[in-house]
Amino acid sequence: MPGRNSALVALAAAIVTAAGVALATPVPVLTVSDGTTEFVGTLDTAEALQYSYRQSIYQVTVFEELAREGSGLRIQRVRSSDIRSVEYFGWNGEPAQSRDGLWVEASPRTVAVDPELVIRITPAGEQALSTSRWRVVLKPRFGETVVRIRAEDRPWVLALLEGAR
């Protein structure tokens, strides 16, 4: 029996170790926080992130397409129904009209990778972040305030407990 007990102890230790490693394995997430409330959504390194908002000067919706790059976020391109809101970025490129009718321009590689984005939620509240798996509309979730958006790696168990989508 001593051999059998040793085998059971070894098996239990292996299961506990494997479970601990699995629970502690970091997963890529996007966090949106106002310092009190936090939204956590999964954001793989190759996954597209879209920030949409109503541009206050031209009163049209702008879609910024972002990507996780290292531990930061980088704008990939911008789209809008009004060419002026695309030109507003001042990238010195030539916006082109895509098949869906929106004007689009890719950002130059010189556009910085930001460790965090800081967004003021406007009274109109037409601001949202989304991926193919989740969407968060900022004003109903946080109110009129400032939020900080970060690409992070969190232990799987914490992301699960935080309700990562």
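Arginine 154 lies in strand S11, where strands (E, at least two residues) and helices (H or I, at least four residues) are DSSP runs numbered from the N terminus. The structure is a predicted model, in which local features need pLDDT of at least 70 and side-chain atom pairs count only at pLDDT 80 or more, while totals for chains, interfaces and linings use all residues. Residues are numbered from 1 along each chain as its sequence is written, and side-chain values use heavy atoms, with hydrogens and water left out. With a relative accessible area of 13%, arginine 154 is buried (buried means under 20% relative accessible area, exposed over 50%, and partly exposed in between, with a 1.4 Å probe and protein chains only). Its side chain makes a polar contact of 2.9 Å with the side chain of glutamate 152. A polar contact here is a pair of N or O atoms within 3.5 Å; within protein, one must be able to donate a hydrogen and the other to accept it, and residues adjacent in sequence count only if both atoms are side-chain atoms.

Glutamate 152 leads on to strand S1, as it is the bridge partner in S11 of valine 29. S1 (residues 26–33) and S11 (residues 146–155) are antiparallel and share eight bridges; two strands pair if DSSP finds at least two bridges between them. On S1, seven of the eight residues are buried, so the strand is largely enclosed by the rest of the structure. S1 also runs antiparallel to S2, with five bridges joining the two, and serine 33 is found opposite glutamate 38 in S2. These two strands form a hairpin with four residues between them, in which glycine 35 has a positive phi near 95°.

Strand S2 spans residues 38–42 and includes threonine 42. Threonine 42 is buried at a relative accessible area of 17%, and its side chain is joined to that of arginine 133 by a polar contact of 3.3 Å.

Turning to the sheet, seven strands come together in the order S6-S7-S5-S4-S3-S9-S10, forming an open sheet with antiparallel pairing. S6 and S10 (135–137) stand at the edges with a single partner strand each, so one side of each has no neighbour in the sheet. At one edge, S6 (residues 96–97) pairs with S7 through two antiparallel bridges, and alanine 96 faces valine 104 in S7. The hairpin of S6 and S7 has five residues between the strands, and glycine 101 in the turn shows a positive phi of about 90°. On to the next pair: S7 (residues 103–106) is joined to S5 (residues 72–80) by four bridges in an antiparallel arrangement, with valine 104 as the bridge partner of arginine 79. At the other edge, S10 and S9 (residues 128–130) are antiparallel and share three bridges; there, serine 130 is opposite arginine 135.

Strand S3 (residues 48–55) contains glutamine 55, which is buried at 7% relative accessibility. Glutamine 55 and glutamate 126 are 71 residues apart in sequence, yet their C-alpha atoms are 9.3 Å apart in space.

The largest pocket has a volume of about 260 Å³. Among its 13 lining residues, the closest to its centre are Tyr53, Arg54, Gln55, Ser56 and Thr122. On a 1 Å grid over the protein atoms alone, a pocket is an open set of points with protein on both sides within 12 Å along at least five of seven lines, where a 1.4 Å probe fits, and lining residues have an atom within 4 Å of a point. The volume is the space filled by probe spheres set on the points, which are joined across faces, edges and corners. The lining comprises six nonpolar, five polar and two charged residues, where Ala, Val, Leu, Ile, Met, Phe, Trp, Tyr, Cys and Pro count as nonpolar, Asp, Glu, Lys and Arg as charged, and the others, Gly among them, as polar.

Two loop residues also deserve a look. Glutamine 59, in the loop between S3 and S4 (60–69), has a positive phi of about 55° although it is not a glycine, and is partly exposed at 43% relative accessibility. Asparagine 92, in the loop between helix H2 (83–87) and S6, likewise has a positive phi, near 65°, and is exposed with a relative accessible area of 77%.
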